[in-house]
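Student: I want to check some labels against their cut-offs. Can we go through them one by one?
Tutor: Yes. Bring the label, and we will set the value against the rule.

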Amino acid sequence: AWLGHAYFMTGAYDEAIQTLKRGVRRDAGYIAFHLFLAASHAASGNLEEAKREAAEVLKNNPEFTLEAYTGFIGHKNPADLERDLAAMRKAGLPD
């Protein structure tokens, strides 16, 4: 999941999506795969897939919020956090 997220953060969305899809095939219940897939699809403009992955996040954790994510993730650069949050909002994940 973190390799996929690293690809996302560098703008390598196709690589992020392929990496994260491999992760889903290994463990479909691991929320981070779906979370970063939602962000990667949203950032690449594929909102239909982004919303589908966001629905998987919420199916696995109905209490998920971006506020909770912000408290969990450790971005040193505020712009990196905002990049994550903007893509996840675009995918339809709740604040």
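**Labels and their reasons**

Tutor: Leu20 counts as buried, with a relative accessibility of 0%. Keep in mind that this is a predicted model.

Student: What makes 0% enough to call Leu20 buried?

Tutor: Buried means under 20% relative accessible area. Leu20 has 0%, so the label buried applies. Leu20 lies in helix α2. Leu20 and Ala50 are 30 residues apart in sequence, and their C-alpha atoms are 13 Å apart in space.

Student: Why is Ala16 called buried?

Tutor: The cut-off is under 20%. Ala16 has a relative accessible area of 0%, so Ala16 is buried. Ala16 is also found in helix α2. From Ala16 to Lys90 there are 74 residues in sequence and 17 Å in space, C-alpha to C-alpha.

Student: How do you know whether His41 is buried or exposed?

Tutor: Use the cut-off of under 20% for buried. His41 comes out at 4%, and therefore counts as buried. Its place is in helix α3, residues 31-44. His41 is 9.5 Å from Phe8, C-alpha to C-alpha, with the two positions 33 residues apart in sequence.

Student: Which label does Phe72 get?

Tutor: Exposed means over 50%. Phe72 has 63% relative accessibility, so Phe72 counts as exposed. Phe72 lies in helix α5, residues 66-72. With Trp2 and Tyr30, Phe72 forms a nonpolar patch on the surface. Together the three have about 370 Å² of accessible area.

Student: What makes Phe72 eligible for a patch?

Tutor: A patch residue needs over 30% relative accessible area. Phe72 has 63%, so that condition is met.

Student: Which residues form the positive surface patch?

Tutor: Lys21, Arg22, Arg25 and Arg26 form that patch. The place of Lys21 is in helix α2, residues 13-26.

Student: Why is Lys21 called partly exposed?

Tutor: Partly exposed falls between the buried cut-off of under 20% and the exposed cut-off of over 50%. Lys21 has 34%, so Lys21 counts as partly exposed.

Student: Now the salt bridges. How many does the structure hold?

Tutor: The structure holds five salt bridges. One of them joins the side chains of Glu49 and Arg52.

Student: What makes the contact between Glu49 and Arg52 a salt bridge?

Tutor: The nitrogen must be within 4 Å of the carboxyl oxygen. For Glu49 and Arg52 the N to O distance is 3.4 Å. That meets the cut-off, so the contact is a salt bridge. Both residues lie in helix α4, residues 47-60, three residues apart, about one turn of the helix. Glu48, Glu49 and Arg52 are linked in a network of salt bridges.

Student: Which exposure labels do Glu49 and Arg52 get?

Tutor: Glu49 is at 22% relative accessibility, so Glu49 counts as partly exposed. Arg52 is at 42%, so Arg52 counts as partly exposed.

Student: How do you know that Glu56 and Lys59 form a salt bridge?

Tutor: Their side chains meet at 3.7 Å, N to O. The cut-off is within 4 Å, so the pair qualifies. Glu56 and Lys59 are three residues apart in helix α4, and therefore about one helical turn separates them.

Student: What exposure labels do Glu56 and Lys59 carry?

Tutor: Glu56 has a relative accessible area of 26%, so Glu56 is partly exposed. Lys59 is at 59%, over the 50% cut-off, so Lys59 counts as exposed.

Student: What makes Arg89 and Glu82 a salt bridge?

Tutor: Their N to O distance is 3.4 Å. The rule asks for within 4 Å, so the pair passes. Arg89 is partly exposed at 36%. Glu82 is partly exposed at 40%.

Student: Last, Asp84. How far away is the nearest side chain of opposite charge?

Tutor: That side chain is Arg83, 6.8 Å away. Asp84 is buried yet has no salt bridge. Asp84 is found in helix α6, residues 78-91.

Student: Which side chain makes a polar contact with Asp84?

Tutor: His5 does, at 2.9 Å. The cut-off for a polar contact is within 3.5 Å, so 2.9 Å qualifies. His is not counted as a charge, so the contact with His5 is not scored as a salt bridge.

Note on methods
Residues are numbered from 1 along each chain as its sequence is written. This is a predicted model: local features need pLDDT of at least 70, side-chain atom pairs count only at pLDDT 80 or more; totals for chains, interfaces and linings use all residues. Side-chain values use heavy atoms; hydrogens and water are left out. Patches are made of residues with over 30% relative accessible area and no salt bridge: like charges are joined within 9 Å, nonpolar side chains (Val, Leu, Ile, Met, Phe, Trp, Tyr) within 5 Å. Accessible areas come from the Shrake-Rupley method with a 1.4 Å probe; for residues, only the protein chains shown count as cover. The place of a charge is taken as NZ of Lys, CZ of Arg, CG of Asp or CD of Glu. Helices (H or I, at least four residues) and strands (E, at least two) are DSSP runs, numbered from the N terminus. Buried means under 20% relative accessible area, exposed over 50%, partly exposed in between (1.4 Å probe, protein chains only). A polar contact is a pair of N or O atoms within 3.5 Å; within protein, one must be able to donate a hydrogen and the other to accept it, and residues adjacent in sequence count only if both atoms are side-chain atoms.
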